[in-house]
Amino acid sequence: MSSDTSKFHKSKKSAAVLKHALIDSYAGPFIGKTGKWSTDHRVAFIDGYAGPGRYDDDAEGSGAMLIRHAQKHVSTPRTVELHFVEEKDEFAAKLREVVAKEGDGLKITVTDGDVSHHLPRLLKLCEGIPLFVYLDPCGLVIPLEEVASIFDRPSGYGAPATEALINLTAHIRRFAGHLTSDKPIEASLKRMDAVCGGDWWRAVWLEKYPNNQASEDDKTAAEEAVVAGYAEKLRERAGGAGTWVIDVRPRADLKPLYYLVFATRHIDGMLAFGESASLGLQEWRKYHAKVAAEGTIFEENDAWLKDWKAQEELLKKQWVDTLAARLTTELAKGEAFRIIDRAEEILGDDLVGVVRTLHLRAAINKVRDEGKTTTQTVRVKDMLTLTITPA
Ligand SMILES: C[S@@+](CC[C@H](N)C(=O)[O-])C[C@H]1O[C@@H](n2cnc3c(N)ncnc32)[C@H](O)[C@@H]1O
């Protein structure tokens, strides 16, 4: 195992903040919603690249985090089952310690070895119950055919939920570099072919980044196009509601560190994930504000926190104003509509997964205060499926 992997687990890297915030805010709704009607209220998670569960500084990794969520349900009718796979002996041993200490009363398995090898057996163990699979490698993920096999389960009305969150690392650019290299290594290209489920990605990449004279922006565009193609392939295979891609950048003007691809068959999954994405991004911004303040006077007395909260208020106002303007444009067409059916017009690429219920509620209320709609939001939980009627 590379030393990179060992370094990763000493303390939480900034890159991990967003994915953990996402899982932390999504695990609860997933357990709550899917476990309501499932057989014996069972719900399962497979964490295929589990890591040690906790970092050396004791911060939660995905293992400890999932255990904490499962523990919340020990005295409720829900039963949360956790299946971890970890290839590195040292991390698997540490994970077992975490399970022994924190997993009392839970059904947990820890498997040493390669997730490729163990996934089929674990999928069998989770037959008939809702399942969330988290695949978070340090390098390239297992081949698309294997990822897609997660969705070889019954779908449609009454079938238990099947969802996956995959970390497609920005290693893609390293592998794709062989396409425009003087000395390409065919084995690396073949490895990417497997990850992407065919060589389609080569043409997609070269269309955006035809040669080494192209810019860094072109390279990012090529990467994004390949990730979008990957998500499309997974969506086809999942045969359901859709996929959601989040590019994780340290700052808006920097290139992505990694891409998270979420796939679900249920519209409820998409809606709940949107809320989690928004909350995750908020945590991510908070983390970066804190890091930026380190070693400055803003660190004292948590001055950065006040500053960050003020910035968040500003962002909220901007988003609500933008949403209200878009709602006004739609309302001017004279017909009632639901935001979920006008996602592109109202949320657009810029606000999807960024805003959540609270912003949409504030925007609808603003538009109503301006006399453009009669729609009330009091006691309404879901703004996306609320019918908004012109005044
Ligand atoms: C990015 S870390 C996981 C972090 C963890 N999921 C979290 O969110 O806290 C990736 C882990 O996958 C393990 N790993 C790498 N290849 C693997 C494979 N083929 N099967 C199972 N585990 C693997 C590595 O040893 C490493 O601990």
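The points below describe a predicted model of one chain with a ligand, moving from the overall fold to individual elements and residues.

1. Overall dimensions. The chain has 391 residues and a radius of gyration of 22 Å, which agrees with the value near 21 Å that a compact globule with this number of residues would have. Taken along the principal axes, the C-alpha atoms fill a box of roughly 65 × 60 × 55 Å, and 39% of the residues count as buried.

2. Secondary structure and contacts. The chain contains 15 helices together with nine strands. Among the contacts with a separation of 6 or more, 69% are made by residues that stand 24 or more positions apart.

3. Domains. The chain is divided into two parts, with domain 1 covering residues 3-288 and domain 2 covering residues 300-388. The centres of the two domains, taken over C-alpha atoms, are separated by 29 Å.

4. The contact between the domains. On one side 10 residues of domain 1 take part, and they are in contact with eight residues of domain 2. Strand 6 (242-248) and helix 11 (267-293) are the elements that give two or more residues to the side of domain 1 that touches domain 2, and helix 11 provides the largest share, namely eight residues. By class, this side of domain 1 divides into six nonpolar, two polar and two charged residues.

5. The ligand shell. The ligand is surrounded by 19 residues, of which the closest are Tyr 49, Gly 51, Gly 61, Ser 62 and Glu 87. Helix 1 (3-8) and strand 2 (79-86) are the elements that give two or more residues to this shell. Its composition by class is nine nonpolar, four polar and six charged residues.

6. Strand 5 and its burial. In strand 5 (residues 162-169), eight of the eight residues are buried, so the strand is largely enclosed by the rest of the structure. In a regular strand the side chains alternate between the two faces of the sheet. Here Thr 162, Ala 164, Ile 166 and Leu 168 point one way, Glu 163, Leu 165, Asn 167 and Thr 169 point the other way, and all of these residues are buried; a reader following the strand will therefore find both of its faces covered, with eight of the eight residues buried.

7. The pairing of strand 5. Two partners can be described for this strand. Strand 4 (residues 131-135) pairs with strand 5 in the parallel sense over five bridges, and within this pairing Leu 135 stands opposite Ile 166 of strand 5. Strand 7 (residues 258-264) runs antiparallel to strand 5 and is joined to it by seven bridges, among them the one in which Phe 262 of strand 7 is the bridge partner of Leu 165.

8. Lys 94. This residue is found in helix 4 (residues 89-102). Lys 94 counts as buried because 21 other C-beta atoms lie within 10 Å, where the cut-off for a buried residue is 20 or more. When its neighbours within four places in sequence are left aside, Lys 94 is in contact with Pro 52 and Gly 53. Lys 94 and Asp 350 are 256 residues apart in sequence, and the distance between them in space, C-alpha to C-alpha, is 41 Å.

Technical notes:
Residues numbered from 1 in each chain as written. Predicted model: local features only at pLDDT ≥ 70, side-chain atom pairs only at ≥ 80, totals over all residues. Near = placed C-beta within 6 Å. Helix = DSSP H or I, 4+ residues; strand = E, 2+ residues; numbered from the N terminus. Nonpolar A, V, L, I, M, F, W, Y, C, P; charged D, E, K, R; others polar. Rg over C-alpha atoms; globule rule 2.2 N^0.38 Å. Buried ≥ 20, exposed ≤ 12 C-beta atoms within 10 Å, placed from the backbone. Contact = placed C-beta atoms within 7 Å. Domains from an automatic or database assignment. Pairing = 2+ DSSP bridges.
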